Every structure is written in structure tokens, then in C-alpha cells.
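Reader: I would like a close look at one part of this model, a place where two helices pack against each other, followed by an account of what surrounds that part. Please take it step by step and be careful about confidence.

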Amino acid sequence: MTTVVMDALTDACQPITAPGSDPELVAALVAWAVRPRRTLEAVRRVLAAGPAPDTDSHGARLRSHVLPQLDPDDLRAARAPVEQWRRHGCRVAIVGDPGYPARLGDGWPHTDGPVLLVSLGVLATSVPTVAVVGSRSATSYGIGIAAWLAEAAGAAGAHVLSGGAVGIDAAAHRAALGTRGGTSVVLGCGHDIAYPRGHARPGGLFDAVRAQGGALLSEQFPQVPPRAGVVRARNRIVAGLADVVVVVEGSSRSGALLTATTASDRGRPVLAVPGDVRAPGSVAPNRLLAEGGHPCTEPQDLLDALGTSRSDPGGDPDTDRPLSVLPASVHAALAAAWPRALSVDLLLERAGLGAGAVLSALTRAQVAGEVVEGPDGLVLCRKPGGADTPRESGRHGS
Amino acid sequence: MGRALAIVRGVALLGLSPREVRVEATSSPGLPVLRLVGLPDAAVREAGDRVRAAITRHGLRWPGERLVVNLAPADLPKVGSAFDLPLAVAVLAATGQVPVEVAAGCWACGELGLDGSVRPVAGQLPLVAGAGQLGAQRLLVPAAAAAEAALVSGPELLPVADLGEVVELLTGRRRPRHVAPLTVRSTAPGPDLAELRGQPLARRAVELAAVGGHHLLLSGPPGCGKSMLADRLPGILPELSTDQALEVAALHSVASLRSPDQPLERRPPLRAPQQVVSAAALVGGGSGVPRPGEVSLAHHGVLVLDELLEIPRPVLDALRQPLERGEVVLTRSRARVSYPARVLLVAATNPCPCGFLGDPRRSCTCRPDRVERYRARLSGPLLDRLDLQVSLRPLDHRDLLDAPTGEPSAVVADRVAAARQLATERSGPGALNRDAPTPQLRRRTDASALTGLAGALQRVGGSARAFDRTLRVARTIADLAGDEIIRGAHVEEAVAYRLPAIRGAA
């Protein structure tokens, strides 16, 4: 039954992504898609009662039988969002549509993939995808680890997916920008809403993601604000699109737990980064570990779960990391504190250099992505020293 | 008894700019009333009663005729009690108790008591200075304000303590007494930077602010020393020149913050209004002729705004114009006045509503979206103007015991003065790097540093407005290093003071 429904939907949805499609029909399909429960019943009824199924395609029958049953008010209401999506240049895909990621629609309607998936830019579906998720109120430890993992995954060719929020999400997106795998965002609101404001402003993170070929995805109408329910529902899309989910930091009520649960329901591997047992931000990953999640202590764990080999014989030019831009004493002080953050004042004290020299070096390092700053200070993005991370060996000369 | 027209001159202030007011009096047959015309405010209208009481109590004669006193030009609003003295002199001249031709060569400003005593008024110093600028030859001033008035070169001063003395002086029965000008106080020792332990980053930022006049944002949990730092900033700024000190004293005089017998202060002023400050109190306001606000009272000095994010947004936005133009322009229906407001703004804020974000000892209890909204209260344009932004860490007990005591203010002040000298050589006395013109900045910048700055700001997401402002901070850093050219390292350090805002907004 499910496959029949899927085929029918697939046929019916073709016009949505086809250029020059009839706006009336697109609006009709959207109106139809936003009432999933009623729609499914309608579809099932049509398919059950339809005469001579072999003479008629599912799509045509849906068009002739389902659309007339739609409420005209629903149809009218659906026109405005369709027009807004057009202005943004968004693609609209309905579950079953070829433009709808197969991974996400797998098992629908018994799985909870969204009926609509609106994307600005094209999501890479053929590459392995990792979701790096975690708390908004991240510590610099979490931010550093997220950046470390995301950058390594991106460099190994995996696409990095996250929710575009501040904290862990932003660190993961930023670190994966410009890597081979790239990064995409699943928004917790509609495409018209600038949220989080700092990321959505011109020149912000979202523009950078788009400029690097990444996609901004959402299941919501353009004007939907980031309500709590909407944001949490977004997490199931992150989980559904990813081959592997890694949870970096999160409280006991974190949305990252929801992402992890959804992913494991779908049989996808869930990794968790062990955290300080006393910190409230470590509750989520430590609970996942207790429940059988795999520990993620370095990027290789993530790549192993993904089944991607890092030692790509082709040799990737951007795996040749530049040498550290920091003066030796500054780097040594940060490396000694790693993975904990060091405040600038303590760094100045320990590095034994003038404030000017240290600050200018830190700017260089932040621009180069070697150091990130969290609320509690500065931390190296990558694990210092050579032994555990072969790709980085010899970089720092320490 | 002649029907002479008596004229005495007084001064009205529009902001700090003086306007000549002719006080004309004449008597005519009729009932003994005083008619006061020419846009007087309530305080000036009451002057009639004060003058009448003062004249009669002093044994002088009040005419049994109708008196008309005109304050010209009639369209200029006249406020306050400074017209009491010229009014009294005009009446005395119109009634023949003082020679009309002597009164005509006189300027006067001061308030009268009912007993005939002459007292200083609010704004006495700018009034005296204004009379000098307008070309006054002889000026009657309250004796209590004579020493202050003597600081202003110009008119011959005739200090008077009461109306009797006025008559004696103007009829030639007494010679004017000699006045010694007020002393100018060299900087009295204030709180010293040596008392502040640790905090090397904030110390550096404060020093840069003192050199270049760049506005400063200190962010940190309660009790980490934000206000200690701000209080010590005037101590490392160069002393005010006499002209600057007079300008500051004039503003404080208008706001009734100084009495005329206080010595002239060379230490830059420090104003720290509370966070419940209103827009009118901050930038100036009031009906009629607006009064200066805190931002003008801190002219040539430091304006501290503690708990910046607790100040309502419209009040903060009112600060943008004075910060950009160095003056406040207040427009009212009857007058448009401007007050100078070249201040160094030191803003202090908690990192989040509870204050403990990033504190290693206590965890922050704020929800992330509340932190975001808290920071969003600082409007982008104002945030862009805070060129030096540093986070202060709380001191732990180890720091309090072990951290080296800092450099004393005097040492830092010497470095600041030396670096400011370089800016003076480039752009003239009093020039601050905060206002350095862009072409001059770029001409003395290493080409690779310019491209590096553009690249860095693009990577971290700084606004276009931030470019020149960051370059000005780099100019200050280069000056402090004694370097004529802005180099890459200077620019990078300057960017570091802007990163917290960019990250915070992201």
C-alpha cells in the first residue's frame, strides 16, 4: 500500500519542480500537502475505489479525484507561500518527489518525514552525511570539539548537517565551510524569518553556507516563526537526512537528544562526545553513552561509523593544513589547557608576551580557523600534538 | 526730571553661544507700575518685583511714574535671573540716580536678592565670557564670582556686592576693587591604576582608549573591576588645557554643578549617570532653552554608562548623534541650541542577564534565547561605535593574592601623552585618532595590512562601517608602539577588539 501511495504522490508532484509549472496546480498540491492526515485518507479512498487502476496513472487520478475535494479556502491560502518561495528561488519537494531525499522519505508514511521539504540551494544527497548537533548554550569545549569533528568530516568528503542555531550548530557549520564535503542547514522556521538573527543577516553564516554551495532546508511555510514545537520538529529532519548523528553537548532537555532518538529509531548510528560529568551540558551525550551510543573521541570514530576512509589515496589538497599561525608560547599555553578554554587574561600571563602581540596572533588564528572563542575563553579547534591525529602531525612542530 | 532712555547691556545664552540683550528703560507719567516687555520667561518677569524690593530697601528711589523696560531683541527667549542686575541699573539710570551715559557703556549680569545683594547665577562663567566675546568694555559682576570672571580676559571688571556699591561705582564715588583670578588646579591625585590587580587585557584597552579617544565596552560578571577601571581612566588622560578647562567649567556652570569660587579643574571630568537616566538627562533637554545633559557635562572627559543594556533603547539611540558629531543639537520651538559633547564613552555590561555567562565558578542560569535578546538590545549602529570591546574575567582568590600589582597611573599617563603627541604632530593640537580622516589613515598604512584587514573583517563578518573605525584603532596601536606606519600586526590587534561583538551577535 505504501509504495502505491508513494508512486501516486511521485506522479502527482512532478509539476512542482518542473520549470514553468502551473501555479494553480502547485498551490493545490501544497494545500493538499499541508493537511497530511486528511490527504492520506483521501488518497487511500481514491486508490481503493478507483476504477481500472491499470488504465490510469496514479497522478492523473489524484489530480482528478483528490483536488476537487479540496477546500477552496485552503487552496487560496496556499497561493501566498508558493509565491514567496518562488521569489526566494526555493525548490519545493513533496514526499515521493524525485527532488525529495530518498533517505528522508524512506518508509513514509510510517516514518515521520515531513510532507513538504523546501530547499534554498540543492542538498547533496549522494554523499555521506553527518549531523553534528548540540546545545545552543555551548561551552568552548563543545564548540572546539564540534568544529574539530565537522572540519575533519568535511575534509574527508562528508556533508555536515546541523540546525543552524548558535552554539554547537554554528561551530559545526563554520568549520565545515570550504571543506570538500560542505555543509547545509535545516532551519527551525520558515525561509522568510531571519533566525537566528546574527546568522541570517547579510554576510552572515547562512549567506556563507549558500555561497559555498550548501542548502537551507525547511519544512515550514515561509512566515512560520521559530516556535519551540517547530524547532524540535526540525530535529527529526536532521536525523532523517544524516547517515550518522553525533551529539556534542546538550542538557537533559536538549533537542539534540530528540535528534539522536529519531536517528536510532531509523537504525542510524548515534555517536556521543563524552563530557565533563559535572557539567550540565554533558548530560545528553553521557546519557546516550549509557544507553549504548558509541563514544566519539576523535574524528576517526565519526568516519569509521560513516564507513568513509580518511586516507583517501587521491590525496586531497586541503588536507595539507597550514602550519600554526600562533607564536610558540601562545600555542603551547593553549595546547596545555586543551580541551579546556583559556581566558585571554590567563593566556597573556602564561605566554609571557605583550598584549598587542598575543591579540594580533589570536586574530590571525581565528581568521584561519585555528582557534575559536567561546564565552569562557579561547580554545584550539583541533587536538594539539601529533600522535593521535596523524593528519595533523608535524603541523605545530611541538 | 528728564524722560531719559536708559540702556544697559546684558547677555542671553543659547547653549554656550552668547547673544547681546539691550535692557532699555524709560519712565513716563502714570501710575507707578513696571511694565516688562520682550519675551521674558517667568523668572525674568519676577525680576521686576525683586528689583523694586532691592532698590527701595537700599534707600534708593523708586519713581512715582510708570516704568517701561524692554528687553531687545524681542524675539530672543530670555531665561533665568541674570537680567536682575542690568534691569536694576537701567531703572536707576532712567530715574537719574546713575548717569545715563555711564550706564550705556556698561554690561551686567547677576541676580538680586530682596535685600539688594548681588549674587552669581547659573551659567555665570559663560555669561561673563560671552560678554567679553561680544565686545563689552566694563562689566558689572557679582563680587562672589569676580575671581572666576577674572579668568576670562576681556572687559574691565566691576565687582559689586550690593546695589549700593553699584551706585557708588557708577557715580564715581568709589574705585573698582582689584580682583585676583581664580587658581587653576593641577590634577589632584585620584584613584590609581596600581590598585588594580591582573586584568592585562582590559588595562591595554583602557590605555588605547586614553590615547585615541576610542569608545570602550567592558563586558564581564559583577565585581570583576569594570567600574574600577572606568574610574581610573581620567587619571591617565592628559590634563586639560586652560581653554578646555574653561569650556568644561562653563558647561558645569550652566548646569549649576560648580560654584564660582571653586578652582578651575584641569582633570578631565568623569560623569557616571545611573541606568535610570532619561534621554533628556543624558543628552540634554528641558523646555524653553534646553539645558546640557550628562554627555555634555562629560565634555573633554569620560562618560561612564554602567549596565548599558539596562538602559532603554531609545535613550541609547539618542547617544548616536553626539558620539558621531561631538556636539548635541537640541531644537525647540523658540530656540535651537548646541552644546559640545566630545566624550570618551566607557560602557559596561554584564555578559548575560544573570551576569555569570563564562564564569568558571558559577554557571549561568539564562536561557540562550534570553542571552541573544539581551545582546540584541544594543543596537548595531551603537555597537559599531564601541571600537574597543573586551571581556573581563572574574578574579579568583589566587589572582587577588598573587597577581602582580599593576603599573601606576603616572607611568601609563606618560606613555599616553607620548603617543598623543604623534597624533598632534599629524593633525594639530587636540586631534584624536578617533576622528582621524580616512585618506590620511590609508596613506600611512602598509598595503598588505589594508588587504589583510579587509580579508579578516570579511571572514569574521564585520560591517563595512567597521573598516575605517578598526583602522583608527590600529593607528592608535601604531602610535603607542611609536610606529609611523600602520602594520599588519597593529591591524590584527585592532580586529581582536571588535571580535567579541561580532561573535556575540552571531
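Author:
**A helix pair in chain A**

In this predicted model, helix H15 of chain A, residues 328–337, packs with H16(A) at an angle of about 125 degrees, and the two axes are 9 Å apart. Angles over 145 degrees count as roughly antiparallel and those from 65 to 115 as roughly perpendicular, so H15(A) is oblique to H16(A). The crossing that H15(A) and H16(A) make is right-handed. On the H15(A) side the contact is made by Ser329(A), Val330(A) and Ala333(A), while H16(A) contributes Leu347(A), Arg350(A) and Ala351(A). Sorted by class, the residues of this contact are four nonpolar, one polar and one charged.

H16(A) also has a place in the meeting of the two chains, where 30 residues of chain A are in contact with 28 residues of chain B. The elements giving two or more residues to the side of chain A that touches chain B are helix H9 (197–200), helix H16 (344–351) and helix H17 (355–367), each belonging to chain A. Of these, H17(A) supplies the largest share of that side, with nine residues. By class, the side of chain A that touches chain B is made up of twelve nonpolar, eleven polar and seven charged residues.

As for confidence, chain A has a mean pLDDT of 76, with 71% of its residues reaching 70 or more. Two stretches call for caution. Over residues 12–22 of chain A the pLDDT stays under 50, and the model has 24 contacts for them beyond four places in sequence. Residues 50–59 of chain A likewise have a pLDDT below 50, and this stretch has ten contacts in the model beyond near neighbours in sequence.

Turning to chain B, five of its strands form an open sheet with parallel pairing, in the order E13-E16-E19-E11-E20. The edges are strand E13 (270–271) and strand E20 (388–391) of chain B, each of which pairs on one side only. E13(B) pairs in the parallel sense, over two bridges, with strand E16 of chain B, residues 302–305, and there Arg271(B) stands opposite Leu303(B) of E16(B). Helix H7 of chain B, residues 200–212, lies across strand E11 (216–219), strand E19 (344–349) and E20 of the same chain, and runs at about 165 degrees to E20(B).

Technical notes
Residues numbered from 1 in each chain as written. Chains lettered and ligands numbered in written order. Predicted model: local features only at pLDDT ≥ 70, side-chain atom pairs only at ≥ 80, totals over all residues. pLDDT = per-residue confidence, 0-100. Contact = placed C-beta atoms within 7 Å. Helix = DSSP H or I, 4+ residues; strand = E, 2+ residues; numbered from the N terminus. Nonpolar A, V, L, I, M, F, W, Y, C, P; charged D, E, K, R; others polar. Pairing = 2+ DSSP bridges. Axes fitted to C-alpha atoms, helices over the stretch in contact; angles between N-to-C directions. Parallel < 35°, antiparallel > 145°, perpendicular 65-115°, else oblique. Left-handed = near helix turned anticlockwise from the far one by under 90°.
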